[in-house]
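User: Please take a close look at one part of this model and set it against the rest. Keep it brisk, and say how far to trust what is drawn.

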Amino acid sequence: MRLGLVLFLPALLIFEFAIAGISSSPQYAGRSVCAECHAQQDAQWSGSHHDLAMQPVTAKTVLGDKDNKFMVRTEGPDGKLQDYEIRYAFGVDPLQ
Ligand code: HEC
């Protein structure tokens, strides 16, 4: 009986580590998961400056002059000027 326990516990540990290894790739949970238990915090945060600090670029999220192209011309890795599409708008009132 005791020998069975001595063999069973290490086997259980190995099994646990094996399972953890399979499913251990970290992934972004997303805020909706947190809101299930933290509804008040989610409500306070929604629409706050921290919430709006990084948003996909759209005519609504870009506060400056906009022509709906959202491009920037700057040096590329080769040192030559290139056009890049802007994907995110950082900051909101009073900064952007
Ligand atoms: C299943 C319910 C549940 C989920 C889902 C959950 N939490 Fe929590 N969280 C709690 C509980 C319960 C506490 C402890 C609250 C206390 O001690 O007053 C807590 C505490 C915290 C605290 C510490 C708060 C403090 O004042 O010290 C933080 C930060 C936190 N959670 C962030 C998150 C984040 C980020 C997520 C999503 C990735 C998340 N929680 C998802 C239940 C949950």
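Analyst: Buried residues make up 1% of the 96 residues in the chain. Keep that figure in mind for the part chosen here, the hairpin of β2 and β3. The model is predicted, and confidence comes up again below.

Start with the layout. The chain has 3 helices and 4 strands. Read from the N terminus, the order is α-α-α-β-β-β-β. Among contacts between residues at least 6 apart in sequence, 44% join residues at least 24 apart.

Now the hairpin itself. Strand β2 covers residues 71-75, and strand β3 covers residues 81-85. The two run antiparallel and are joined by 5 bridges. Two pairings can be named. Arg-73 of the hairpin has Asp-83 in β3 as its bridge partner. Val-72 stands opposite Tyr-84, also in β3.

Between the strands sit 5 residues. Gly-79 takes a positive phi near 85 degrees in this hairpin. A second positive phi turns up at Phe-70, at about 50 degrees, although Phe-70 is not a glycine. Phe-70 lies in the loop between β1 (54-56) and β2. Is Phe-70 buried, exposed or partly exposed? The cut-off for burial is 20 or more other C-beta atoms within 10 Å. Phe-70 has 17 of them, so Phe-70 counts as partly exposed.

How well are the two strands covered? Strand β2 is hardly covered: among its 5 residues, the count of buried ones is 0. Strand β3 also has 5 residues, and the number buried is 0, so β3 lies largely in the open.

Take Gln-82 as one example. Gln-82 has its place in strand β3. Which class does its neighbour count give? Exposed means 12 or fewer C-beta neighbours within 10 Å. Gln-82 has 12 inside that distance, so Gln-82 counts as exposed. Gln-82 and Met-71 are 11 residues apart along the chain. Their C-alpha atoms are separated by 10.0 Å.

For a contrast in setting, turn to helix α3, which spans residues 39-45. Asp-42 is found there. With 15 C-beta neighbours inside 10 Å, Asp-42 is above the limit for exposed but below the one for buried, so Asp-42 counts as partly exposed. Leaving out residues up to four places away in sequence, Asp-42 touches Arg-31, Cys-34 and Ala-35. Ser-32 is 10 residues from Asp-42 in sequence. In space the two are 8.5 Å apart, C-alpha to C-alpha.

Cys-34 also belongs to the residues around the ligand. The others there are Ala-29, Val-33, Glu-36, Cys-37 and His-38. By type, the shell divides into 4 nonpolar, 1 polar and 1 charged.

Last, the question of trust. The mean pLDDT of the chain is 83. Residues at 70 or more come to 73% of the chain. Confidence is highest in helix α3, with a mean of 97. Confidence is lowest in helix α1, residues 2-22, with a mean of 59. Read helix α1 with that mean of 59 in mind.

To sum up the part you asked about: β2 and β3 form an antiparallel pair with 5 bridges. Neither strand adds to the buried residues, since β2 has 0 and β3 has 0, so β3 lies largely in the open.

Notes:
Residues numbered from 1 in each chain as written. Predicted model: local features only at pLDDT ≥ 70, side-chain atom pairs only at ≥ 80, totals over all residues. Near = placed C-beta within 6 Å. Nonpolar A, V, L, I, M, F, W, Y, C, P; charged D, E, K, R; others polar. pLDDT = per-residue confidence, 0-100. Contact = placed C-beta atoms within 7 Å. Pairing = 2+ DSSP bridges.
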